[in-house]
Amino acid sequence: MRELSYDAAVIGGGAAGMAAALEIRAAGLSCVILEREDHLGGILLQCVHNGFGLIEFDEELSGPEFAERMEERFRASGADAYLGVTVMDVEDAGDRKVLFGYSAEHGILRVSVRAVVLAMGCRERNRGNIRIPGARPAGVYTAGLAQRLVNMEGYLPGKDAVIIGSGDIGLIMARRMSWAGAKVHGVVEILPYPSGLTRNIVQCLHDFDIPLYLSHLTTGIFGGDRVESVEIAPIEDGAVRFEKAFRIPCDTVLLSVGLVPENELSKKMGVELNPMTNGPWTDSRMMTNVPGIFAAGNVLHVHDLVDYVAEEARRAGAACARWIRGEGPGRELRVKAGPNVRYTAPCRVGPESPNKLYLRTLIVKNDAVLEVRLDNRVVQSRKKAHIQPSEMISVTLDPKDLAGAGPDSVLEIAIL
Amino acid sequence: MGSKNAAGGIFDVAIIGAGVCGANIARRLSQYELDVILLDKEADVSFGTSKANSGIVHGGFHHGSKYLKARLEVQGALMFDRLHRELGFPFRRCGIVVAALHEDEMRVVDQLYRQGVENGVIGIEMCSRERMLELEPKLNPDTVGGLYAPAGGIVEPYRFVFSLVESAQRNGVEVRTSFRAEKAEREGDLWKIRAADGSFLSARYVVNAAGLFADEVSRAFGAEEYTIRARKGEYYLLDRMTRARPDRVVFPVPTSVSKGMLVVPTVEGTVLIGPTAEMTDDKTDTATTREHLEMILGNARAMIPSISENDVITSFAGQRPVLEEDFYIEPSRKVPAFIHVAGIQSPGLTASPAIGEYVKDLLKESGLRLVERPGYDPVLPERPRMFDIDHYRADALVAEDPGYGNIVCRCEKVSEAEIVAAIRAGHTTLDGIKYFTRAQMGRCQGGFCTYKILKILMRETGMGWDRITKRGAGSELLSGRL
């Protein structure tokens with residue numbers, strides 16, 4: 001068994017993993033990325049559309065271009081990356097952690113490190129997760145799998161598609177399938193508003209005359225060997241009107257019904273998860289409840305933009321380096337998700353240093369106000385022209401906002 | 001694979017239906033100097049009733065001793081340990097509890113106990129509330145008492161069939177899939193069987209183990225007229241990370257029509273809840289319904305309150321062949337050399353090894369000469385699974401075959417080498433590979449690994465993209481090349 005030793009290991013070589021590794025390396029520590037695919041870049045590689053990089057690189061890039069830029073920076077940093085390595089297990093060895101990575105090329109790698117950054121990303125929720133009844137024919141794919149098949153493998157999964165869920169990948173795939181010559185007969189969303197970004201609704205559905213069925217429940221998938229139709233029913237005043245159900249003929253169903261941070265490995269390490277995000281609880285440094293294990297990117301909470309993933313992961317990487325050097329976090333304040341706030345990540349802040357938080361709201365609203373309260377005293381108030389659950393909101397807190405915080409103080413973030 | 005063609009396409013025995021009954025019969029007959037062929041209309045074996053059921057080795061107390069099925073159940077259950085040693089399919093005697101939630105249910109429990117004792121079941125025990133909660137701490141604390149059958153167990157039904165078929169093949173049985181026996185006639189002392197695609201073969205004896213379609217096969221041979229009806233059972237599968245996984249199979253107290261909905265800790269670590277029991281007109285209808293799935297969750301929670309819908313990773317339904325109260329296993333009285341193995345509903349899986357034995361005897365009584373074959377090897381070579389082994393053994397395996405180091409299915413820890421082994425064993429559909437290896441069966445349900453399996457399948461078989469299917473012709477996965 002081949003043994004490796006580093007100051008830190010990053011599990012996952014997507015945008016988050018590369019950004020975290022860069023910062024660890026920049027602090028003069030040794031670092032390795034363990035990536036299960038044969039390339040760095042993660043899910044970005046199949047996102048061939050534009051819209052990435054506006055914040056991180058100040059220009060609009062495609063997913064592969066964003067990944068390439070990140071990889072250039074990563075390669076220049078001198079950090080190592082092992083590709084085709086799936087981390088299957090972690091052991092606690094006193095002040096070190098031992099990762100076991102499975103690889104065809106290297107056999108089983110035993111990687112001993114002082115700290116770990118979790119950057120495994122997320123997976124797509126599937127049909128079973130949302131319990132769509134009906135038959136089990138061929139032709140039902142998650143949108144991300146279809147994206148992989150079309151953009152990277154060069155296959156068209158079907159000719160007449162219905163997309164269930166209006167998440168961003170589903171919207172993007174509606175456009176991609178149309179370009180590839182398939183007919184998309186509709187996008188079905190259970191909520192009264194779309195789950196994806198507004199720009200994607202416009203560019204991917206409106207521009208292609210694809211109907212969006214809001215407030216519709218998918219009541220069944222039908223077909224023998226291959227999908228023949230999808231049945232949907234409207235939801236009116238909170239009740240599913242089954243008697244108004246109708247079927248849309250199609251041969252393909254794509255599911256874009258949400259993403260789940262992939263934390264099975266984290267749980268094995270004893271990392272505790274926030275049920276609101278399915279990602280780890282972390283302190284202000286994005287360290288989990290297990291000392292020396294950090295988390296960033298979609299494994300921490302599902303992001304809307306990769307630019308935010310990279311930004312968050314750079315902070316996690318830098319914090320990981322400080323932890324390895326023995327710098328403590330200092331005093332910490334708990335952050336409470338107040339009215340209309342689904343969660344914040346991280347869920348603690350350090351009153352002595354600048355903090356950045358990401359949050360998601362529970363509501364759709366114009367002219368909203370974001371309020372930060374320290375022990376019921378408003379310390380920051382910002383107007384927001386429009387908010388919706390699909391778009392992340394960032395909050396920056398300066399030490400002066402948090403001045404006067406006592407040991408039992410609570411910071412609450414609310415949307416009014 | 002060691003299979004040999006019988007001279008001129010003439011077999012001693014043709015078994016129609018490669019489900020758990022057909023597979024057991026085939027393997028049992030492979031011990032003799034016989035040319036045996038196992039036929040199935042589907043693209044792979046075990047693609048009918050045997051792939052979608054509860055996977056229980058029953059405790060022998062559900063049926064009275066007057067039934068053939070009760071006798072075969074008890075006998076079959078005892079045969080599993082040896083089969084497991086020889087074939088290595090996933091099996092464990094985790095024990096079965098029947099939980100009574102009301103005092104008046106204890107009368108039925110009492111009756112089950114007596115039935116079990118009369119059937120000769122070993123170790124069966126009447127339990128107080130305390131004993132029940134000790135045996136299964138996740139049970140509803142309102143449990144008033146129940147029954148414990150320590151020898152009851154769990155098995156992965158398709159893996160059981162796959163290993164039986166593989167063992168039969170190694171001992172000379174020929175397997176032909178995508179063969180739909182449509183018409184048969186007598187030619188001298190032979191049955192000439194014609195398939196839907198025009199191919200045909202001849203056999204001296206025919207065993208009709210066609211499950212849901214045994215009635216159609218019987219008709220095709222001009223044998224007894226009967227009607228197999230289908231009873232659909234819907235299930236939910238829960239993630240192996242669920243906190244609600246019990247240590248034993250948990251049954252409710254049965255009603256006169258059904259054993260009820262169970263909570264099954266599968267051998268592979270997931271949890272299965274269900275089934276419903278609903279008669280359907282369409283034997284191919286395996287659609288699930290919202291109402292039934294909600295009902296399953298409700299029933300399962302009544303026994304194990306910690307079961308959560310958030311743990312659900314998939315749902316599915318299976319069809320059980322219903323003929324009459326008992327199994328119908330006997331030679332035709334209308335036509336020669338034709339044995340019915342029909343109406344094998346629960347406890348068919350448990351009874352199946354005994355059914356193999358029983359049918360072997362019926363064939364012998366009907367004149368089939370059984371001569372033991374020297375060189376019969378009951379043991380299947382062990383196939384390593386990355387899921388089961390430690391890192392050091394894994395490292396040694398990867399040194400032998402790097403394919404073991406390439407984890408294709410991360411949820412169930414299945415390597416490329418295991419996928420290749422499945423394909424080489426003849427499982428060339430996505431579903432076949434899924435049942436053989438568990439890849440695509442975990443929490444992501446193939447979201448991450450499907451395209452990888454697709455590529456391996458094309459590489460290993462030389463099939464083009466347009467021939468890759470989920471479960472045989474008609475279920476093609478892709479519709480175009482960009």
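Which side chains along strand E33 (residues 410-415) of chain A point to one face and are buried, and which point to the other and are not? I began my notebook with this question, keeping in mind that the model is predicted.

**Entry 1: strand E33 of chain A**

I followed the side chains along E33(A) and found that they alternate, with Leu411(A), Ile413(A) and Ile415(A) pointing to one face, where they are buried. Val410(A), Glu412(A) and Ala414(A) point to the other face and are not buried. I then looked up the strands that pair with E33(A), and noted that strand E26 (residues 333-337) of chain A is joined to E33(A) by 4 bridges, the two running parallel. Within that pairing, Val335(A) has Leu411(A) as its bridge partner, and Leu411(A) is one of the residues I had just listed as buried. Strand E30 (residues 365-374) of chain A is joined to E33(A) by 5 bridges, and here the strands run antiparallel. In E33(A), the residue that stands opposite Arg373(A) is Glu412(A), which belongs to the face that is not buried.

**Entry 2: a sheet of chain A**

I next looked up an open sheet of chain A, which 3 strands form in the order E27-E29-E32 with antiparallel pairing. E27 and strand E32 (393-397) stand at the edges with a single partner strand each, so one side of each has no neighbour in the sheet. Ignoring direction, I noted that neighbouring strands of this sheet are turned against each other by 30° on average. Strand E29 (residues 355-361) of chain A is joined to E32(A) by 5 bridges, and these strands run antiparallel; in E32(A), Ile393(A) is the bridge partner of Leu359(A).

**Entry 3: backbone points to look at again**

Before listing the next residues I reminded myself of the background: most peptide bonds are trans, and most residues other than glycine have a negative phi. In chain A, I found that the peptide bond from Ala345(A) to Pro346(A) is cis, with omega near -5°. Pro346(A) lies in the loop between strand E27 (341-345) and strand E28 (348-349) of chain A. In chain B, the peptide bond from Ser346(B) to Pro347(B) is also cis, with omega near 0°, and Pro347(B) lies in the loop between strand E20 (338-342) and helix H8 (348-365) of chain B.

I then turned to phi, and asked myself whether Ser178(B) counts as buried or partly exposed. Phi of Ser178(B) is near 55°, a positive value in a residue other than glycine, and the residue lies in the loop between strand E9 (174-176) and strand E10 (181-187) of chain B. Ser178(B) counts as partly exposed because it has 16 C-beta neighbours inside 10 Å, a count below the 20 needed for a buried residue and above the 12 that would make it exposed. Gln445(B) likewise has a positive phi near 55°, and is found in the loop between helix H11 (430-437) and helix H12 (450-461) of chain B. With its 26 C-beta neighbours inside 10 Å, Gln445(B) counts as buried.

**Entry 4: Tyr205(B)**

I located Tyr205(B) in strand E12 (residues 200-208) of chain B, where 24 C-beta neighbours inside 10 Å make it count as buried. Apart from neighbours within four places in sequence, Tyr205(B) is in contact with Asp12(B), Val13(B), Ala337(B), Leu363(B), Ser366(B) and Leu368(B). I also looked up Glu105(B), which is 100 residues from Tyr205(B) in sequence and 47 Å from it in space, C-alpha to C-alpha.

**Entry 5: two helices of chain B**

I found that the axes of helix H10 (residues 416-424) of chain B and H12(B) come within 10 Å and cross at roughly 50°, and the two helices are therefore oblique to each other. Their crossing is right-handed. H10(B) brings Glu416(B), Ile419(B), Val420(B) and Ile423(B) to the contact, and H12(B) brings Ile453(B), Ile456(B), Leu457(B), Glu460(B) and Thr461(B). By class, I noted 6 nonpolar, 1 polar and 2 charged residues in this contact.

**Entry 6: where the chains meet**

Last, I looked up how the chains touch, and found 44 residues of chain B in contact with 46 residues of chain A. On the chain B side, helix H7 (290-303), strand E18 (312-322), helix H9 (391-400), H12 and strand E23 (480-481) each supply at least two residues, and H9(B) gives the most, with 6 residues. That side of chain B has 19 nonpolar, 18 polar and 7 charged residues. Strand E13 (residues 155-156) of chain A is joined to E23(B) by 2 bridges, the strands running antiparallel, and Leu156(A) has Gly480(B) as its bridge partner.

Notes. Residues numbered from 1 in each chain as written. Chains lettered and ligands numbered in written order. Predicted model: local features only at pLDDT ≥ 70, side-chain atom pairs only at ≥ 80, totals over all residues. Contact = placed C-beta atoms within 7 Å. Nonpolar A, V, L, I, M, F, W, Y, C, P; charged D, E, K, R; others polar. Pairing = 2+ DSSP bridges. Axes fitted to C-alpha atoms, helices over the stretch in contact; angles between N-to-C directions. Parallel < 35°, antiparallel > 145°, perpendicular 65-115°, else oblique. Left-handed = near helix turned anticlockwise from the far one by under 90°.
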